[in-house]
Amino acid sequence: MAFISVAFVSLLGLLMASGFSYTINSNNESNIGGSGPQSVSINNQHNVANVDSNNGWGSWNALWDYENSFAATRLFAKKSCIVHKMNKNVMPSLQELDTLVKEQKDKGPEGTSPKELMYSINPTRVEDLSTFGTKIAAMCQGIPTYVAEEIPVPNQPLYSQKCFTAKILWILQMSFCGTSEETY
């Protein structure tokens, strides 16, 4: 009887472990642009990834909500939040993100070049965050939030100024470009 109890508890632990989040830390101090240390947390149960870049006043946090296909980046220096549709052709899935982070962690900047995405920020503040799902609404609640739309590659040179760039380790580089300093 004790064997069955131990086996049941072990099996239950294995099933539950796949739903808990875990963190992959990478000291990214030598990254071009000085993004500082970053951590990536993946929660398969809630279908989200969270990236924290700790670089003093230049720190930012990104939440990728795979369930609702939206992502948000909170810029601490600007005290704002930028929400955009996830480009699943460029942004890795949760499983791919896990694999890429583990592979790139030891390679650092010498690994493959990051994929790049560029967004144009709409200067109109978002009033109703609920359209982006509860996770992003909770992250951006109480701070100015703006929507950004992906800029097609041929138009990117027009937005070479007034951009905030978030480098997710050496996997992805996302630039958020606004029409004024206040919006990003």
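These legends walk through several close-up views of a predicted model.

**View 1. How confident the prediction is along the chain.** Let's begin with the confidence values. The mean pLDDT of the protein is 76, and 67% of its residues reach 70 or more. Two stretches call for care: pLDDT stays under 50 over residues 1-22, for which the model has 13 contacts beyond four places in sequence, and also under 50 over residues 28-34, with 15 such contacts. Where pLDDT is low, the predicted coordinates should not be read in detail.

**View 2. Strand β4 and its two partners.** Here you can follow β4, which covers residues 60-65. On one side of the pairing story is strand β3 (residues 48-53), which pairs with β4 in the antiparallel sense over six bridges. The hairpin of β3 and β4 has six residues between the strands, and Gly56 takes a positive phi near 60° there. Strand β5 (residues 70-75) is also antiparallel to β4, and six bridges join the two. One of the bridge pairs is Trp64 with Ala71 of β5. Four residues lie between β4 and β5 in their hairpin, where Ser69 in the turn has a positive phi of about 60°.

**View 3. The two faces of β4.** Take a look at where the residues of this strand point. Trp60, Ala62 and Trp64 point one way, while Asn61, Leu63 and Asp65 point the other way. Six of the six residues of β4 are buried, which leaves the strand mostly covered.

**View 4. Asn61 and its surroundings.** Zooming in on β4, we meet Asn61. Its relative accessible area is 9%, so Asn61 counts as buried. The side chain of Asn61 makes a polar contact of 2.7 Å with the side chain of Asn50. Asn61 is also the bridge partner of Asp52. Beyond its neighbours within four places in sequence, Asn61 is in contact with several residues, including Val51, Ala72, Arg74, Phe76 and Met139.

**View 5. Two nonpolar cores.** The largest nonpolar core has 29 residues, and Trp64, Met91, Leu97, Leu172, Met174 and Phe176 are those with the most contacts inside it. A second, separate core of 14 residues includes Val83, Leu129, Cys140 and Ile143. In soluble globular proteins, nonpolar side chains tend to be buried together. Which residues does Leu172 contact, leaving aside its neighbours within four places in sequence? Among them are Trp64, Val90, Met91, Pro114 and Leu117.

**View 6. The disulfide between Cys81 and Cys140.** The protein has two disulfides in total, and this view shows the one joining Cys81 to Cys140, with an S to S distance of 1.9 Å. Cys81 lies in strand β6 and Cys140 in helix α3 (residues 134-140), so the bond ties together parts that are 59 residues apart in sequence. Cys81 is buried at a relative accessible area of 0%, and Cys140 is likewise buried at 0%.

**View 7. The disulfide between Cys163 and Cys177.** In this pair the sulfur atoms are 2.0 Å apart. Cys163 belongs to strand β9 (residues 163-168) and Cys177 to strand β10 (residues 172-177), so the disulfide ties together parts that are 14 residues apart in sequence. The torsion about the S-S bond is about 105°, so this disulfide is right-handed. Is each cysteine buried or partly exposed? Cys163 is partly exposed at 25% relative accessibility, whereas Cys177 is buried at 0%. Counting bonded cysteines along the chain, the disulfides follow the pattern 1-2, 3-4.

Note on methods: Residues are numbered from 1 along each chain as its sequence is written. This is a predicted model: local features need pLDDT of at least 70, side-chain atom pairs count only at pLDDT 80 or more; totals for chains, interfaces and linings use all residues. Side-chain values use heavy atoms; hydrogens and water are left out. A nonpolar core is a set of buried Ala, Val, Leu, Ile, Met, Phe, Trp, Tyr and Cys residues joined through side-chain atoms within 4.5 Å. Buried means under 20% relative accessible area, exposed over 50%, partly exposed in between (1.4 Å probe, protein chains only). Contact means heavy atoms within 4.5 Å. A polar contact is a pair of N or O atoms within 3.5 Å; within protein, one must be able to donate a hydrogen and the other to accept it, and residues adjacent in sequence count only if both atoms are side-chain atoms. Two strands pair if DSSP finds at least two bridges between them. pLDDT is the predictor's confidence in each residue, from 0 to 100. A disulfide is a pair of cysteine sulfur atoms within 2.5 Å.
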